[in-house]
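Biologist: I would like to learn how to read a protein model step by step, with the general idea before each case. Could we begin with the structure itself in view?

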Amino acid sequence: MILLGIYFACEPRLYSDGLAKLFPKPNRHRAAEVFGAIGETLRWWLIGKVASMIFIGLLTWIGLSIIGVPMALTLGLIAGLLSFIPNFGPIIAAVPAVLFAFIESPMSAVYTLALYIGVQIIEGNLVTPFIERHTVELPPALTVVAQLALAVTIGGLGLLLATPLLAVLVVVVQMVYIEDVLEDRSERLDLPDIEPEQTEEV
């Protein structure tokens, strides 16, 4: 999965152009627009997610160090990595941190729990709004449903891939079904535009 992600990220035009050529000529221009919007959405989602992971990891590490929790750096790294999984990741990351803090004292455990909650509140009000300005805003309930459905279907990998797949699905539904099939462009999402010279090549 990591290698596939690297290959797709290095040459996205190669794969999007190839997919567009699978469509009949009258539809290739629109197919290129849809694939371009999907690629731009995933690119900004990944950039925002990496920034969010770094932010959460650093803030958690600093906070745990101030509280005096053992293995603060390791726990901060775990919190940053698990924040890749929306909703469930922060909960999973908080469990070992609270347990380590409880070894020190019950009060440290309370402070640690408050720290994790505070970090998530800050991240949700600063980083997430920035991400949603460049990508598709995903309703929280829909995200949880997608995570649970894919987790039950294909296990832990489904939990990891649920959010990016949902972002792709939202773009496809908006552009292909709502705009093309229903011909409703009154509430178009702020999706990236494809330049004319890019679509002419396909």
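Modeller: Let us start with what a helix is here: helices are DSSP runs of at least four residues, numbered from the N terminus. With that in mind, T60 can be placed in helix α3, and please remember throughout that this is a predicted model.

Biologist: What does the secondary structure of the protein come to?

Modeller: The protein has nine helices and zero strands, and from the N terminus on its elements therefore read α-α-α-α-α-α-α-α-α under the helix and strand rule. Of its 202 residues, 33% count as buried, and among contacts between residues at least 6 apart in sequence, 63% join residues at least 24 apart.

Biologist: How should I read burial for a single residue, and is T60 buried or exposed?

Modeller: Buried means under 20% relative accessible area, so T60, at 1% relative accessibility, counts as buried. Leaving out residues up to four places away in sequence, T60 touches G76, A79, L115, Y116 and V119.

Biologist: Where is F55, for contrast of reading, and what does F55 touch?

Modeller: F55 is also placed in helix α3, and because its relative accessibility is 25%, F55 counts as partly exposed. With residues up to four places away in sequence left out, F55 touches V119, I122, E123 and V127. The C-alpha atoms of F55 and G80 are 7.5 Å apart in space, although the two residues are 25 apart in sequence.

Biologist: How do I read a nonpolar core, and which residues have the most contacts inside the largest one?

Modeller: The general idea is a set of buried nonpolar residues joined through side-chain atoms. In this structure the largest nonpolar core has 14 residues, and those with the most contacts inside it are L64, V69, L75, A79 and Y116. At least two residues of this core are supplied by each of α3, α4 (72–82), α5 and α6. Taking L64 as an example, and leaving aside its neighbours within four places in sequence, the residues in contact with L64 are V69, A72, L75, G76, T112, L115 and Y116. Apart from this core lies another, of six residues, including L138, L166, A167 and V170.

Biologist: How is empty space inside a model found, and what lines the largest cavity?

Modeller: Rolling a probe the size of a water molecule over the atoms shows where empty space is left. Here the structure holds one cavity of 30 Å³ or more, and about 40 Å³ of space lies in the largest cavity. Its lining is made up of I56, T60, A79, P90, A93, Y116, V119 and Q120. Two or more of the lining residues come from each of α3 (25–67), α5 (88–104) and α6 (106–132), with α6 giving the largest share, three residues. By class, the lining has six nonpolar residues, two polar and no charged ones.

Biologist: Finally, how many aromatic pairs does the structure hold, and how is such a pair read?

Modeller: The structure holds two aromatic pairs, and a pair is read from the distance between ring centres and the angle between ring planes. For W45 and F84 the ring centres are 5.6 Å apart and the planes stand at 75°, so the pair is edge-to-face. Because W45 lies in helix α3 and F84 in the loop between α4 and α5, the pair ties together parts that are 39 residues apart in sequence. W45 itself, at 10% relative accessibility, counts as buried.

Note on methods. Residues numbered from 1 in each chain as written. Predicted model: local features only at pLDDT ≥ 70, side-chain atom pairs only at ≥ 80, totals over all residues. Heavy atoms only, no water. 1 Å grid on protein atoms, 1.4 Å probe; cavity = no way out; pocket = protein on both sides within 12 Å on 5 of 7 lines; lining within 4 Å. Points joined across faces, edges and corners; volume = space filled by probe spheres on them. Nonpolar A, V, L, I, M, F, W, Y, C, P; charged D, E, K, R; others polar. Core = buried A, V, L, I, M, F, W, Y, C linked by side-chain atoms within 4.5 Å. Buried < 20%, exposed > 50% of the residue type's maximum accessible area, 1.4 Å probe, protein only. Contact = heavy atoms within 4.5 Å. Phe/Tyr/Trp six-rings, centres within 6.5 Å; stacked < 30°, edge-to-face > 60°.
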